[in-house]
Amino acid sequence: MTNTANLGLPLVQPSQAQKHVTVNESLVRLDGLTQLVLESVNTVTPPLAAEEGTCYAVPIGAVNAWAGHEGKVAIQSNGGWVFVTPQVGWQGWIADQSQAVRFNGMDWVGGVVSQSANGAASGFSVFEFDHTISAGSTDTTIPAIPPYAMVFGVTGRVIESITGSLTDWSLGKAGAPTQFGSGLGLASESYVRGTLSYPSTEYAPTELLLTANGGSFSGGSVRLAVHYFHLTIPNIS
């Protein structure tokens, strides 16, 4: 046996020379995988100035030093990379997405509360983004609600006072312009807590709709967060 069964830590062998090399590599892996923080799961090019001990999930299409290591965890060590194969059920935190994730055998899935033996999962997630308001009587955001998401509500804050001739504003989506709130404040730090009585499921990427009441928008910005439930399908292999 040359490596441990769970974390793949290299073991010191009988009569081995330079035992410290093996021990140090084991410690590097243990240090990276304990309380696992993945800087990103989408970066395909190894960063040139990564700090010692930082970890990345290597995605499909990775290049340079990561080529051929898709699906593994890359740990920066002594100017190079150490690669570890994650196991089903490993948990971690994606730093650039600010969300907890669990590995299902193929992908790192966020917000998982339950997972089957073959990777089907149920989970809750929050998608947060900042939106700069354009002039007009209405304004739409980026597609903020993912396909097949069961939305429980939208929350938000005004981060730059909303200006224009309006008296207040509403938040919703096309066909339901006040679904997440109406009579909302214009001043900085005003907030919206748009909890739905019944969850709403969207089957295609969906934008949020801001509507100016009693006038029109001329500027301002808001920070919005979509709170939703999602399902993932089981793996075949």
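Which residue in E3 is the bridge partner of Tyr-56? I looked it up in the model, which is a predicted one. The partner is Ala-74.

**Entry 1: E3 and its neighbours**

I started from strand E3, residues 73-77. I checked its pairing with strand E2, residues 55-57. The two run antiparallel and share three bridges. Next I checked strand E4, residues 80-84. E3 pairs with E4 in the antiparallel sense too, here over five bridges. In that pairing I found Val-73 opposite Val-84 of E4.

Then I asked how many of the five residues of E3 are buried. The count is five of five, so I took the cut-off of under 20% relative accessible area as met by each. I sorted them by face. Val-73, Ile-75 and Ser-77 lie on one side, and Ala-74 and Gln-76 lie on the other. Both faces are covered. Ala-74, the partner of Tyr-56, is thus among the buried residues.

**Entry 2: positive phi**

I looked at the hairpin of E3 and E4 next. Two residues stand between the strands. Asn-78 is in this loop. Its phi is positive, about 55°, although Asn-78 is not a glycine. Is Asn-78 buried or exposed? I read a relative accessible area of 73%, so Asn-78 counts as exposed.

I noted Ser-98 as well. Ser-98 has a positive phi of about 50° and is not a glycine. I placed Ser-98 in the loop between strand E5 (91-94) and strand E6 (99-103). The relative accessible area of Ser-98 is 52%, so Ser-98 also counts as exposed.

**Entry 3: a nonpolar patch**

I searched the surface for nonpolar side chains. Val-12, Val-23, Leu-27 and Leu-30 make a patch of about 300 Å². I located Leu-27 in helix H1, residues 19-33.

**Entry 4: the whole chain**

I counted the secondary structure: one helix and 16 strands. The radius of gyration is 23 Å, well over the 18 Å that the globule rule gives for 237 residues, so the chain is more spread out than a compact globule. I also took the box along the principal axes. The C-alpha atoms fill roughly 85 × 40 × 25 Å.

How much of the chain counts as buried? I got 40% of the 237 residues. The accessible surface comes to about 12,800 Å². Carbon and sulfur atoms hold 54% of that surface.

Last, I checked contacts between residues at least 6 apart in sequence. Of these, 58% join residues at least 24 apart.

How values were computed
Residues are numbered from 1 along each chain as its sequence is written. This is a predicted model: local features need pLDDT of at least 70, side-chain atom pairs count only at pLDDT 80 or more; totals for chains, interfaces and linings use all residues. Side-chain values use heavy atoms; hydrogens and water are left out. Patches are made of residues with over 30% relative accessible area and no salt bridge: like charges are joined within 9 Å, nonpolar side chains (Val, Leu, Ile, Met, Phe, Trp, Tyr) within 5 Å. Accessible areas come from the Shrake-Rupley method with a 1.4 Å probe; for residues, only the protein chains shown count as cover. A salt bridge is a side-chain nitrogen of Lys or Arg within 4 Å of a carboxyl oxygen of Asp or Glu. Helices (H or I, at least four residues) and strands (E, at least two) are DSSP runs, numbered from the N terminus. Buried means under 20% relative accessible area, exposed over 50%, partly exposed in between (1.4 Å probe, protein chains only). Two strands pair if DSSP finds at least two bridges between them. The radius of gyration is taken over C-alpha atoms; the globule rule is 2.2 Å times the number of residues to the power 0.38. Contact means heavy atoms within 4.5 Å.
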